[in-house]
Structure formats: C-alpha cells, structure tokens
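Subject: Structure for your review

Dear colleague,

Please find below the structure that I am handing over to you. I would be grateful if you could read the notes beneath it with the sequence to hand.

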Amino acid sequence: MPEIFIDDKRYEFEGSPVLLQFLLDVGLDHPFFCYHPSLSIPANCRQCYVEVGTPVPNRETGDYELDENGERVIRFFPKLMPACKMEASDGMVVKTHRSSELVKRGHKDVLEFILMNHPLDCPICDQAGECPLQIQTYKYGPEGSRFEHKKVHKPKRIKLGPRVILDAERCINCTRCVRFTEEISQTHQLAIISRGDKNYPATAPGREFDDPYSLNTVDICPVGALTSSDFRFKARVWEMNQTPSIDVTNGKGANIDIWTRDNLVMRITPRFNPNVNDYWMPDFGRDDYRRMNENRISRPEVKVDDTRIKSSWHNAVLTFNEYLSGVNNKEILGIGSAFSSVEDNYALNKLLNRIGVSELVFTPNIEEGSGDGFLISDDKYPNTNGCRLLGLKEMNPAGLNKAISAASVKVVVMMEDDLVGRSVVTAEDLKDKKVIYFGSNNNETSKLADLVVPITCSAEHTASYVNVDGRIQRTIPAKETLYTNRKLNLEMSVGRLDRYATKYDNWSSDDNRIDCVPAWEFIENAAEQSGQPFNFADARDVFEDLSKSIDAFSGITYERMDDELGVVIAGSEKQKVTSA
Amino acid sequence: MSNEQQYTFSKEELAEIEKIKAKYPDKKPPVMPVLWMAQEKFGHVEPEVQRLVAETLDLPEAHVYGVATFYTQYYKEKMGKYVLDVCTCLSCQICGGYDILHYLEEKLGIKAGETTEDGKFSIQSVECLGACGYAPMMQITNDVYCNHLTKEKVDTILDDLKKDKLPEFEQIPFPQHQNESSKS
Ligand code: SF4
Ligand code: FES
Ligand code: FES
C-alpha cells in the first residue's frame, strides 16, 4: 500500500486523497479557509501551507536514490505548498507546523495578512465562537499586527437577499459562497466583484440573493461576513446546545442540528450525511424552528357544551376511551399521518386494530412539480413511505374525504395532519362526528376537534421517519417537555446553560416547556386504563415491537440508524412517491 | 433601473460576437471582448448593458458584473468625455502619483470617481497600467498614455483637452536602448 510520511510518522493511504483532507482524516489539525470537501479547490487563502517533498527515482534502476547514509533522497518543493492543492503520492514527505518552523511562520504570516484589513470586531460578531478565522488566529496566528495604517473600509450590513446579510469588511474572499451558488445550488447569483483589497461577493446590480439554498452560504462562510438575517444577534453559540435530528418539512429528511437555549429552538442547521443531504439543506427547513416554538398545543383540551376547556391528562384518557367504546367499532375511522412518525402511526393503528377497527387510512401531501430534484421533494411530509411500509391504507384526498364524510362514521381519530387546512375535508364534513385530534400545533383541524391530545413535535421526541428514498432515520429530543428532563434522559444533550442553570437564574425558565407527551405514550396510557397495556415504556419499545411484527422493519434498530446514518429499507428504495 | 433606453446589439454585432465565441473553448472568456464592444457602442457598461452582455453570452449576470468591476477600463456608469486614469499603484505612488491625482482633483474641482458638471472630465485613481518606467503617469479615456507627469505637464494637457486636442503619443526608449538610439 502507498505510504506517506507526515512529520516523520508513516501513514498508509489508498487512492489519491487531497493532502489537506488526508491530514484532517488522520486527526491532524491543520488550518485552512477556502477548502471545502464538497466544492472545487481554488487554493486562494494560502492558509494550509505545508512543506512537501518526494523521493527521487533513479531513472535506470527505478529505485529511489539514496544518500551516503542509505536514506532516501527527498526533493522538496522550493516553496511552501498549499496542502489542499496537493495529492498524496507514494513516498511523499510532508512537514506541517509540528515539525517545520517555516510552515509555522507561513501560517502566522498568512493570518497577519488576512487580518490586515479585518475589523477585528469579534465581540459584536455573530460568528464568534464558531469562527474558523477566530479559532485559527488563536491557534496559529501572530500575537499582534504590524499594520499601523487606516484599514480599508467596505460596505457593511448589505442585504444580499431576503435571508442573508453581508459585512464585506469581514470577508476574506475565500469564494466559498460563490462556489456554492455555482456548483451546488447552481443559481450563479454571487460573484466576487471589484479588485484587490476592495473586493467582496455581491449579486448583479438590482438582483437579489434569493436562492432557495442561500443560508448554506452562511454555514460555510469561514468568517462572520455572511450572517442569517433571521438568526442574527439572537444567541451566542456557546449558550446553545446542539442536538442531531431530522428535517420534517419535506420528504427528503435532511439531517439537521437543532440548536436550543432554555428550551426554545433558536436555529436549525444542516448536519453532514453523504447519503442524504451532504452538508446542505433548503432555507425553508430552517424556518421550522417556529413550528417547534410557537402556536403549540399545551395541555389536553376537550369540548364541553361547545366550549373548549383545558383538561387534565387523566380526564383526557378517560374521554378518549369513552369516545372509542361508546360506538360500534365499524363507526370509528382512524386516520394516520405522513407527517407523524412511524412509532406514532404504529401505536395508534395497533390500538384501533385491537378494538376491531380496520387499518388507518392516510393521504399523502404531495405537490407534483414543486420539488427540485435536489433537496426539495414534491412530497411535503417526512414519512409517506413509513406509512406505506406500516401497511396503512393510502387514499387520495377525495377518497379520504368520502371515507370521513360517510354517515356511518361517528368517531374520527386523527394523527397530526391539518386535513382541514389542506382542504381535504371541511368543517361541514366533520359536523356531528366526534373528532379526536393528536397534534402539536393549533391549526384549522385542531380547532374543530372535540378532544385535542397535545403531542410532542419532532424536536421533543425520539421517533423515526422514512424519507422519499426509503431511508429510515430518527430524531433525538432537543427540547424538554414538562415531563422530560435533559439531565435524566441521557440521550438529550446538555449545554452549558442547561448544565449550570437553576430555576433562579434569569437565563433559565420553565416557560418554554410544553405540556405534551409523545402520541404513543398517550395511547399506552389509554390502553392501560382500559386494562390491557402494551407495556411501551419508551419509543424504543414501540419500535422494537413494530420491527418484530412488520417484515419491512425487521432487523432495523435505533442503533443501526445511528451508526449507519439511516438505514435504507429493502424494497422501498424504488418505491416512487406518487399521489394515489 | 431606467427603462428609457433599451440596449441591444445589431445583427452585425451579434455575428461578430459569434466569431469571438468561436475562438474560445469555454463560455466565459468572450465576456471581456464583448463588454468592450458594448462599451465602444454605448460609451459605458451600466448594469443594463452588463445584463445585455450576460444574456447575449448566456452567462450569469453576477459573473459579468464581477468582470466589469475588476477593470477600471470598463465604465460602470456614464463618464465624462475625457477620463483621466491616474495611476496610484506602487511605482507611480513613489514618484508622486498621488500629488498628480490631488492636483487634478483641485484643478477640476472633483474627486477621483467623479465627473465634472459640464460632462467633460472624469478622474479615476487606477492600478498599475504597466508603464512604471515612466512614472508618474496617467491614461486618457483608455487611449493615450501621458508619462513623466509634472504639474506643468498636467496644465498643458488639460488646456489642450479643453480644446479637444489629445496629447501626442510619446515614444520613450528603454534606458538600455537610449545610447543606441543616440548613436544611430
Ligand atoms: S463572504 Fe464568506 S464565504 Fe463568501 S467569500 Fe467572503 S469569507 Fe468567503
Ligand atoms: S485551504 Fe488551501 S489555500 Fe485555502
Ligand atoms: S505603478 Fe503606475 S504604471 Fe505601474
């Protein structure tokens, strides 16, 4: 196997990796700005300097030339080389700042140069705390600056587009944002304009940076030049905690990180998954934090004499069972939801099946032609394939409307899906029926229900979703409910403020914890109340149960989803999402 | 964006552009000659003109904008009849490029980047024009170079320009050739 010597240590490699990527992959920290693994390599920042040499082959024998001590003769490049533009080759010798004073000096000088006109405004900059420029200056930079002149001033607070703001003074012209619009989103909306110390990225005059993926440039900007107009100045990075999760705003299921502070979701950023979304996500997915924070249903609600009142959980369970047992099982219609998780749909289906109600029905929310073939799918819901694999009965909207409006139906049990808002059914259709609605947010449908069961949203529970490509992936709770506690639930992440806050600190409160439970938990409570518990103690139990009873899910576990970054369910890859 | 003027290329110009395109394997390189054509025709490459170039070459507008703004030789707005490009890059700067620039600014009552009210003169401070040996220097409207500038020389040039008389092209031999030319 080819070998490479880095700081006198031997490594083996395969293929021809980019030297910088190889350094990072073997765990050697190395400074860089412009390189990004998913973009082309312009080598324009010069921060990744190394000394590189190759052994000298003897033309006649083909062996490497040796010196008098029998050591290989190494011919070094005359100057420092950017590691991002070098390919590892057999016998290559590399010196990083760990073994070369010259490289150390190179890192320092490049940083001094980059910082020459930089405003050095970290205390008021949003990027502080997660800024490669800040981190690398701290680690590799000079102690001070020798630049005693007036700095070049450039435009600040430019609204490049509806979601992205540019501070041109902070920009180091790495061109990552430009390359993103050229190579990934392919809208070509940005270019570096002007020249020398005056240049910065801009849109063409009179044009907006309204790329549907524009916020990804904020993520990859290695400085605070590009910031999100929505998230700007809302929270410091070190105040939040970060939890891996799944985007539920469309069928692609982009992998995300949910950033919370005091149980409010502050922002959503993409998380790397080479099989799903690489490093990217669509802008609208980031807006989903509002759904997690706002307009939530907290505490069960029942309708008494046409007025809605809050009720206790105990009463909600009793009411639920009463509704179901008050009618003949043929008069009950269970409606599943492609918006809800595999676990929740399964639990409801199981409960209703047991009392003789046939499979849940559901109608996908697919807008043909609204997708872009990249990370925005036609399917607006995250779990259409999950519902299909569970064996729920797929119907088109008209079919579902007919099923609901049928006079024989007296009780409708709905998993979260705003069927009224989607115009699948009308208030008229639901009149004279008892409607039970499981949901996390108030909407047109919940307004009409006789019993509303507040359930956890994707930021609050462990649950799995099967995306349009048949990949099952799961969420991890990021936000506490009234009944969960991040210090006790070891799966939840604990940030600095969570760890050290008490009730008496002004940065912590109970205000943002919603009075809700996962749907399967409410169903378990209902089953238990009627004397036949399923014994589901957590989401894992539900999933284990369904993976045993439904072939499509057999052999799949949360551990596998975690380790393999989601598991493709056999047979579902080719299942094309179409409206029924 | 004003709509009062619709910028277009004529049939002949489009044919010319096709010829330019045929010279290059890629789509991007024709930007420069085509921007130049446009500037010759319209006298500037304002955003509307840049857009025309982008559409004609089927290139992103942002890219054309990037190229146009890189070069001071492309006029991104309407300029005076005579554009005085004063070099303030290193060699000229050392030899008094800024003195010349400020002298001009004072004389014309405008700052670099501005145009006189009568529309006669614009001043730009530009980067190296490759005539460092004759520093300080300036170029007039992408045309004649005026070398070894002094205040007196600037006075004469301005007086002449007011009479629409462009300075003569000056041949300055390299020092190593100076002897030869005096010998011959
Ligand atoms: S704005 Fe950020 S990503 Fe874009 S060129 Fe400047 S530093 Fe790079
Ligand atoms: S990362 Fe290598 S030159 Fe920028
Ligand atoms: S520095 Fe003025 S022409 Fe080169």
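The notes below cover the conventions, the contact between the chains, and then the interior of chain A.

This is a predicted model, in which local features need pLDDT of at least 70 and side-chain atom pairs count only at pLDDT 80 or more, while totals for chains, interfaces and linings use all residues. Residues are numbered from 1 along each chain as its sequence is written, chains are lettered from A and ligands numbered from 1 in the order in which they are written, and side-chain values use heavy atoms, with hydrogens and water left out.

**Interface of chains A and B**

Chain B places 13 residues in contact (heavy atoms within 4.5 Å) with 16 residues of chain A. The size of an interface is often given as the accessible area lost when the parts come together. Here the buried area (accessible area lost by the two parts on being put together, 1.4 Å probe, summed over both) is about 1,200 Å², and carbon and sulfur atoms give 58% of that. Of the area that chain B buries against chain A, 39% is supplied by A62(B), Y65(B) and F70(B), more than by any other three residues.

Two kinds of polar pairing were counted. There are 2 salt bridges (a side-chain nitrogen of Lys or Arg within 4 Å of a carboxyl oxygen of Asp or Glu) across the interface. E61(B) and R207(A) meet through their side chains in a salt bridge, at 2.8 Å from N to O. On the side of chain B that touches chain A, α3 (47-57) and α4 (61-70) each supply at least two residues; these helices are DSSP runs of H or I, at least four residues long, numbered from the N terminus. The largest share of that side, 7 residues, comes from α4(B).

**Interior of chain A**

The largest nonpolar core (buried Ala, Val, Leu, Ile, Met, Phe, Trp, Tyr and Cys residues joined through side-chain atoms within 4.5 Å) has 57 residues. Buried here means under 20% relative accessible area, with a 1.4 Å probe and protein chains only. Among the residues with the most contacts inside this core are F320(A) and F438(A). Leaving aside residues up to four places away in sequence, F438(A) touches partners including F320(A), V413(A), E416(A) and F522(A).

S228(A) is found in strand β11 (residues 226-228) of chain A, a strand being a DSSP run of E of at least two residues. S228(A) is buried, with a relative accessible area of 12%.

Yours sincerely

Methods: Buried means under 20% relative accessible area, exposed over 50%, partly exposed in between (1.4 Å probe, protein chains only).
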